[in-house]
Amino acid sequence: MMIAAVNNGWQAVIFNPRGRGGVKFKSPQAYSVGYTEDLRQVIEYIHNKHPKRKLFGVGYSLGANYLAKYMGEESEKALLSGAVCCACPTDPIVCNVALQRQPLMDKALAWILKKILLADEVLEIFKKRPSIQCEKALSCSSLRQFDHYIIAPQFGFRSCTEYYRKSAAGYTLMDIANPTLFIYAKNDITVPIDVFCLEDYDGNANICALITRYGAHSMSWPQGVWKWHSWQGQITMDYLKSVFMMKCRQELDESNNC
């Protein structure tokens, strides 16, 4: 995606949440599917540094949910002029139920998160928060258990299901005020197509969706079996260019009416 952005003339920035992409933990708090404050601060920082530039966001999977949630929470005040949310788990409970039907993947995700968030040096940091049940999390074998013992308590939730419900971007979709594209694949077993509800898009003209037959959860959508170029990357660039032109036209019309 970054390569596609640069090749299309965009100045691109990557947001890595706590504990990912080389960002070390400095406090006993991780990222979550619905926590938007870190993203909000990054967007505000970039906006303050370049106040005249139009900003756009692209999110994948978990990141797509908190990007969409940010767009809805901020609504007309959003500092992003547009966004693209790929494989967005707008209903985390639906996604978790689907994940339980894939026990090997469920265990694999739990194992990966334990390697990241329960590594020795990180574990010592998280143990400083009594609400986090680190010992129980060390023996968990599913994503739901991990979220229940580690993630939910960090954000004041009493259970993983409360965390899933209150973190869902689906509750903020109707409040999104700037153009936002959602991309889903029907054969995605991690974010099943069941999270897509046509009525959401009928109820808010600012959001639209693309649904492909294939693509799975690669978050790249290769153009074909033997074509590894990202279809999603080009679609995203085309959409954001269109939004950019539309926003510029709107500003020009407003200035001419003054």
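These are my notebook entries on the strands, salt bridges and empty spaces I looked up in this structure.

**Before starting.** I am working with a predicted model, so I keep in mind that local features need pLDDT of at least 70.

**Entry 1: the strand pair.** I began with β1, which covers residues 55–60, and β2, which covers residues 80–86. I found the two strands paired in the parallel sense, with six bridges between them. To get my bearings on the pair, I looked for the partner of valine 58 and found valine 84 of β2 standing opposite. Next I followed the chain from one strand to the other. Helix α3, residues 62–74, joins β1 and β2 in a β-α-β unit, and I noted the unit as right-handed.

**Entry 2: a salt bridge on α3.** I stayed with helix α3 and turned to charged side chains. The structure holds 10 salt bridges. One of them joins glutamate 73 to arginine 40, with 2.8 Å between the closest N and O atoms. This pair links distant parts of the chain, as glutamate 73 sits in helix α3 and arginine 40 in helix α2 (residues 37–49), 33 residues apart. Are the two partners buried or exposed? Glutamate 73 has 35% relative accessibility, so I put it down as partly exposed. Arginine 40 comes out at 11%, and I wrote it down as buried, because buried means under 20%.

**Entry 3: a bridge to α11.** I then looked up lysine 54, which forms a salt bridge with glutamate 251 at 3.0 Å between the closest N and O atoms. Lysine 54 lies in the loop between α2 and β1, while glutamate 251 belongs to helix α11, so this bridge ties together parts 197 residues apart in sequence. At 43% relative accessibility, glutamate 251 is partly exposed.

**Entry 4: a bridge inside one helix.** Where do glutamate 162 and lysine 166 lie? I found both in helix α9 (residues 160–167), four residues apart, or about one turn of the helix. Their side chains meet in a salt bridge with an N to O distance of 3.0 Å. Glutamate 162 counts as buried at 12% relative accessibility, whereas lysine 166 is exposed at 51%. I also noted a network: salt bridges with shared partners join Glu37, Arg40, Lys69, Glu73 and Glu74. Arg40 and Glu73 are the pair from my second entry.

**Entry 5: the cavity.** I moved on to empty space. How many cavities of 30 Å³ or more are there? I counted one. The largest cavity holds about 40 Å³ of space. Its lining is made of Phe15, Pro17, Tyr31, Tyr35, Asp38, Leu39 and Tyr66. I sorted these residues into six nonpolar, no polar and one charged. Asp38 is the charged one, because Asp counts as charged.

**Entry 6: a pocket.** Last, I looked at the second largest pocket, which has a volume of about 210 Å³. Its lining includes Met1, Ile3, Ala4, Asn7 and Asn8, and also Tyr60, Met219 and Ser220. I listed Ser230, Gln232, Gly233 and Gln234 among the lining residues too. Which helices supply at least two residues each? I found α1 (2–7) and α11 (231–257). The lining of this pocket divides into five nonpolar, seven polar and no charged residues. Helix α11 had already come up in my third entry, as the home of glutamate 251.

Note on methods. Residues numbered from 1 in each chain as written. Predicted model: local features only at pLDDT ≥ 70, side-chain atom pairs only at ≥ 80, totals over all residues. Heavy atoms only, no water. 1 Å grid on protein atoms, 1.4 Å probe; cavity = no way out; pocket = protein on both sides within 12 Å on 5 of 7 lines; lining within 4 Å. Points joined across faces, edges and corners; volume = space filled by probe spheres on them. Pairing = 2+ DSSP bridges. Right-handed = clockwise from strand over helix to strand, strands pointing away. Salt bridge = Lys/Arg side-chain N within 4 Å of Asp/Glu carboxyl O. Buried < 20%, exposed > 50% of the residue type's maximum accessible area, 1.4 Å probe, protein only.
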